[in-house]
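Q: Please take a close look at the cysteines in this structure. Which are bonded, and how do they sit? Then add what surrounds them in the wider picture.

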Amino acid sequence: MNRLSREKSPYLLQHKDNPVDWYPWCDEAFARAESEDKPVFLSIGYSTCHWCHVMAHESFEDEEVAAELNEHFICIKVDREERPDIDAVYMRVCQAMTGAGGWPMTVLLTPEQKPFFAGTYFPKHSRYGQPGLLALLQEVVRLWENDRESLLQTGERITDFLRQTSEKTAHPDKALLNSAYCALRSSFDAKWGGFGTAPKFPTPHNLLFLMAYGEWDMVETTLTAMARGGIFDQIGGGFSRYSTDRQWFIPHFEKMLYDNALLMLAYRQAGEQTQNTAYADIADRTARYLLRELQSPQGGFYCGQDADSEGVEGKYYAMRPHEIKDVLGNAEGEAFCRVYGISETVNIPNRIESMESPWREERLQKLYDYRRARTKLHTDDKILLSWNAWTIIALVRCGYTDDAVRCCRFIEENMTDADNRLYLRYRDGEAANDGQLDDYAVYALALLALYRATLNIDYLEQAIFRAEQMMDFFEDENGGYFLTAHDAPPLIHRPKETYDGAIPSGNSVAAMVLEMLAQLTGENRWREAADRQLRFAAGQAEDYPAAHCFAMLAIQRALKPGRELVVCGEELPEEIKKGLPEDLNVLYKSSKNASRLAKCAPFTADYPVPEHAANWYLCENGTCRRAVTDFTQLPLS
């Protein structure tokens, strides 16, 4: 058992019994590397990563590899989900040195944290032209002893490269949005949906942008194909991380919280705007999957579930015809196999070829229960604040407001410190790691979603407070927001993430939060902050805006004429509870919250609160209409 046994991260704990003398990322490890004059072997991964498991079994559980590592290196394990800052720095290194990235990530460093080699998965021994880890380690030892200067020079060059940052700004305009649309159109798979070739990732923020842009062909083709494919768990609900093929048929089976939260948003929005109940059903089934399998007893949500069961990827999900018939009986079993494409050669439930309607959850319950009892999935049970904030937004959007409120309460009670700053991670009764940009930005967005759903002034005040912290801790005077706070322990580079990859970047979310607050409150400080961030986002996206689709959503919101509705009354009108257009900024004023609302949105101070009924004030594009008392007189459509 090594030092990782004292950690809380499920990923680090998976390696606690390795013969490798692992350290977590800490000053002690680098001090020892310096005192013993050894390079650092850095391995970055996460708990539900299939290839991380493969490399662990092949190499880190192997006595021969461990002996080489322990004798010549100081070894550090990092959970990329707990330390996205470290991951961001060295992922950029890996991409610069190899042209690609991914996990497990393998990086060799000097004792000063400067990288001189990077790669991803390595087998123990070389095969099929791929270098083996043992040979790599032995070559590094040789160079460290005989040609160290070349390694140090590489480390200096890469470190200098990291420090080259772009502070470019541009004017946010419709041409940028059109460029993003055209790039997505050019990479769109017209038959199966999605963008590019296999492997295919859902990237739901691309779809959200296209919906706001008014492009529905790409959206509906993609959402329909994903819902019919094996990437969607036809029995238990929820989506796997990506598809290994064009058809969304064979997934990489790990399920991640953030993917499912963002996909809930895309399917729900598509369902509302197209009136297609099939999309809304997928959103609801995904929500119920999260609530059933990833929600903690206290109300927070776990990170995700592994692709592997009993060492076999996808074993949990694969179903043979005879198993299905044993569970359901011959007639019902044959019907399931027909609808879901199961045969002796195909064992992943899917509806790619079937024109029949999907079964309701009640009809699938026996198969769901059988699957749960047959084999187990590893669940990464740490709770990440930013991922939970995305989940709050998705739950609110899908009508699960009580569960969203409960999750928010969990964060406030368990993931804040004595100074009311946010923690990044919670597990096993311990909150740890200072919150980073994504935590503050996405949580502020979640609080705005909760305010919109409840019109409880508490959430608007909290959203403003977290946005103020975001600006204080992370904003760069040269433009944009750093990933880490100004008082965070320094790395060799302070990253500033702008690319919207699997998850929208903190900078893109910050742009959305600031724009929403500017529109909602009418305050000049938020307008100035939003304009700064939108110019920065436009500058970063200018070369390839399709890689910044959540930032494009924020720019789209800023370019569209704003609409604000102020509702004044002693009781919250029933019409609000039934839902209002998503592009409408709504504030609610009563005599009880008037002074608090005036601090948040000063322009509301002079709005009178009638004793009876309610007054509705609609403002459009800077012009306010006369108040009406009859909701039906508002031109909202």
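A: What follows covers the cysteines, then two sheets, one loop residue and the cavities.

The model is predicted. It holds 2 disulfides. A disulfide is a covalent bond between the sulfur atoms of two cysteines. Numbered in sequence order, the bonded cysteines of the protein chain pair 1-2, 3-4.

Take Cys-49 and Cys-52. A disulfide joins them, with an S to S distance of 2.5 Å. The cut-off for a disulfide is sulfur atoms within 2.5 Å. The link of Cys-49 and Cys-52 is right-handed, with 80 degrees about the S-S bond. Cys-49 and Cys-52 are buried.

Now Cys-619 and Cys-624. Here the S to S distance of the disulfide is 2.1 Å. The torsion about the S-S bond of Cys-619 and Cys-624 is about 100 degrees, so this disulfide is right-handed. Cys-619 has a relative accessible area of 5%, so it is buried.

Two further cysteines deserve a word. For Cys-26, the closest cysteine sulfur is in Cys-75, 12 Å away, which is too far for a bond. Cys-337 counts as buried because its relative accessibility is 9%.

Next, the sheets. Strands of a sheet pair through backbone hydrogen bonds, either parallel or antiparallel. One open sheet has 3 strands in the order S8-S9-S12, with antiparallel pairing. Its edge strands are S8 (255–256) and S12 (379–380), each pairing on one side only. S8 and S9 are joined over 2 bridges. Lys-255 stands opposite Gln-305 in S9.

Another open sheet of 3 strands runs S13-S14-S15, and its pairing is antiparallel. S13 (383–384) and S15 (430–434) each have a single partner strand, so one side of each has no neighbour in the sheet. S13 pairs with S14 (residues 423–427) over 2 bridges. Leu-384 has Arg-425 in S14 as its bridge partner.

Gln-295 lies in the loop between helix H12 (277–294) and strand S9 (304–305). Its relative accessible area is 17%, so Gln-295 is buried. Beyond its neighbours within four places in sequence, Gln-295 is in contact with Leu-290, Gly-300, Phe-301, Tyr-302, Asp-403 and Arg-406.

Last, the cavities. The whole structure has 4 cavities of 30 Å³ or more. The largest cavity has a volume of about 70 Å³. Its lining includes Phe-232, Asp-233, Tyr-317 and Arg-371. By class, that lining has 5 nonpolar, 3 polar and 2 charged residues.

How values were computed
Residues numbered from 1 in each chain as written. Predicted model: local features only at pLDDT ≥ 70, side-chain atom pairs only at ≥ 80, totals over all residues. Heavy atoms only, no water. 1 Å grid on protein atoms, 1.4 Å probe; cavity = no way out; pocket = protein on both sides within 12 Å on 5 of 7 lines; lining within 4 Å. Points joined across faces, edges and corners; volume = space filled by probe spheres on them. Nonpolar A, V, L, I, M, F, W, Y, C, P; charged D, E, K, R; others polar. Helix = DSSP H or I, 4+ residues; strand = E, 2+ residues; numbered from the N terminus. Buried < 20%, exposed > 50% of the residue type's maximum accessible area, 1.4 Å probe, protein only. Contact = heavy atoms within 4.5 Å. Pairing = 2+ DSSP bridges.
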